[in-house]
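Open the model in a viewer and keep the selection panel at hand. The stops below say what to select next and what is there.

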Amino acid sequence: IESGVAKEYGSSLTDDLIAVDLGENWLNQHQPTGYGVGSADNLPLTIGMEGNVIRVLYEKNSYGYTVEYYKDSLDAGNRIAVESGVAKEYGSSLTDDLVAVDLGENWLNQHQPTGYGVGSADNLPLTIGVEGNVIRVLYEKNSYGYTVEYYKDSLDAGNRIAEESGVAKEYGSSLTDDLIAVDLGENWLNQHQPTGYGVGSADNLPLTIGVEGNVIRVLYEKNSYGYTVEYYKDSLDAGNRIAEESGVAKEYGSSLTDDL
């Protein structure tokens, strides 16, 4: 409440006269934070013997808000999108439901990157202020499993002899021989090596982990082995061996014939 200088009965009290008494900013000198400029209800006022009261009303302003979307961390460089919501009354509580009305039911995940989990908002509900009305949504990488498929002779589906599953790895990370060894053992490449076959070869290492299709294929191919021809007289007793010849190595499991 402020009191002005007495005015003559029947005179008209105007904005200018009040400004002389109370200052140029008399209408808004008690304006609360977050409220709009005041409105006076009965100016000009004809001065009477009593009831010479001017009432000034302040009403709350409304302020906008933004939703910022980030991946990996809330560092400024990781911001991937910004959405603006409809202004809300000062001091009101901004909830998930109200944001959904402005931005859609899927507002939390509408900028979810491939390979990332659902978003988490850092400050809901939010009390609307004059400034700084920002909700930050963070997406963090998911982890996805991988498999190692083992084949012999070729990578045809019918030649698959075993399959192993590794521990899930973060999306976009590089899967290396060393990491697989941690999951499946140091001998992971050759743990299903068939008799007569060489060491395995993996077709796509290192592998960048994706949402799906994280498959490493190990192929075993047949070794080749030499043979000998031993010559004997009279009997096959060791003492009767008279000569020995070595032939060219042949593939494991192949048939060695007279012609070869």
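Between which two strands is the loop that holds Gly-129? Select Gly-129: the loop runs between strand 9 (126-127) and strand 10 (134-139). Keep in mind that this is a predicted model.

Gly-129 counts as buried, because its relative accessibility is 16% and the cut-off for buried is under 20%. Show its contacts next: apart from neighbours within four places in sequence, Gly-129 touches Tyr-63 and Tyr-90. Select Tyr-35 along with Tyr-63 and Tyr-90, since ring pairs link these three into a cluster. For a distance label, pick the C-alpha atoms of Gly-129 and His-192; 65 Å separates them, with the two positions 63 residues apart along the chain.

**The sheet**

Select residues 143-152, which are strand 11. Strand 11 belongs to an open sheet of four strands, in the order 12-11-16-14, with mixed pairing. At the edges are strand 12 (160-170) and strand 14 (201-202), each paired on one side only. Helix 3 (residues 177-184) packs on this sheet and touches strand 11, strand 12 and strand 16 (215-220). The direction of helix 3 makes about 105° with that of strand 12.

Strands 11 and 12 are antiparallel to each other, with eight bridges. To find the register, select Tyr-146, which stands opposite Gly-166 in strand 12.

**Aromatic rings**

The whole structure contains eight aromatic pairs. One of them is Tyr-144 with Tyr-171, an edge-to-face pair with 6.3 Å centre to centre and 70° between the planes. This pair links distant parts of the chain: Tyr-144 is in strand 11, and Tyr-171, 27 residues away, is in the loop between strand 12 and strand 13 (174-175). Tyr-144 is buried at a relative accessible area of 17%, whereas Tyr-171 is partly exposed at 22%.

**Backbone stops**

Which peptide bond into Pro-44 is cis? The bond from Leu-43 is, with omega near -10°. Pro-44 is in the loop between strand 2 (39-40) and strand 3 (45-46). The bond from Leu-124 to Pro-125 is also cis, with omega near -5°, and Pro-125 is in the loop between strand 8 (120-121) and strand 9.

Now select Asp-72, in the loop between strand 5 (62-71) and strand 6 (79-89). Asp-72 has a positive phi, near 75°, and is partly exposed at 35% relative accessibility. End at Asp-153, in the loop between strand 11 and strand 12. Phi of Asp-153 is near 75°, and its relative accessible area of 36% makes Asp-153 partly exposed.

How values were computed:
Residues are numbered from 1 along each chain as its sequence is written. This is a predicted model: local features need pLDDT of at least 70, side-chain atom pairs count only at pLDDT 80 or more; totals for chains, interfaces and linings use all residues. Side-chain values use heavy atoms; hydrogens and water are left out. Two strands pair if DSSP finds at least two bridges between them. Contact means heavy atoms within 4.5 Å. Axes are lines fitted to C-alpha atoms, for helices over the stretch in contact, and angles run from 0 to 180 degrees between N-to-C directions. Buried means under 20% relative accessible area, exposed over 50%, partly exposed in between (1.4 Å probe, protein chains only). Rings of Phe, Tyr and Trp (its six-membered ring) pair if their centres lie within 6.5 Å; planes under 30 degrees apart count as stacked, over 60 as edge-to-face and the rest as tilted.
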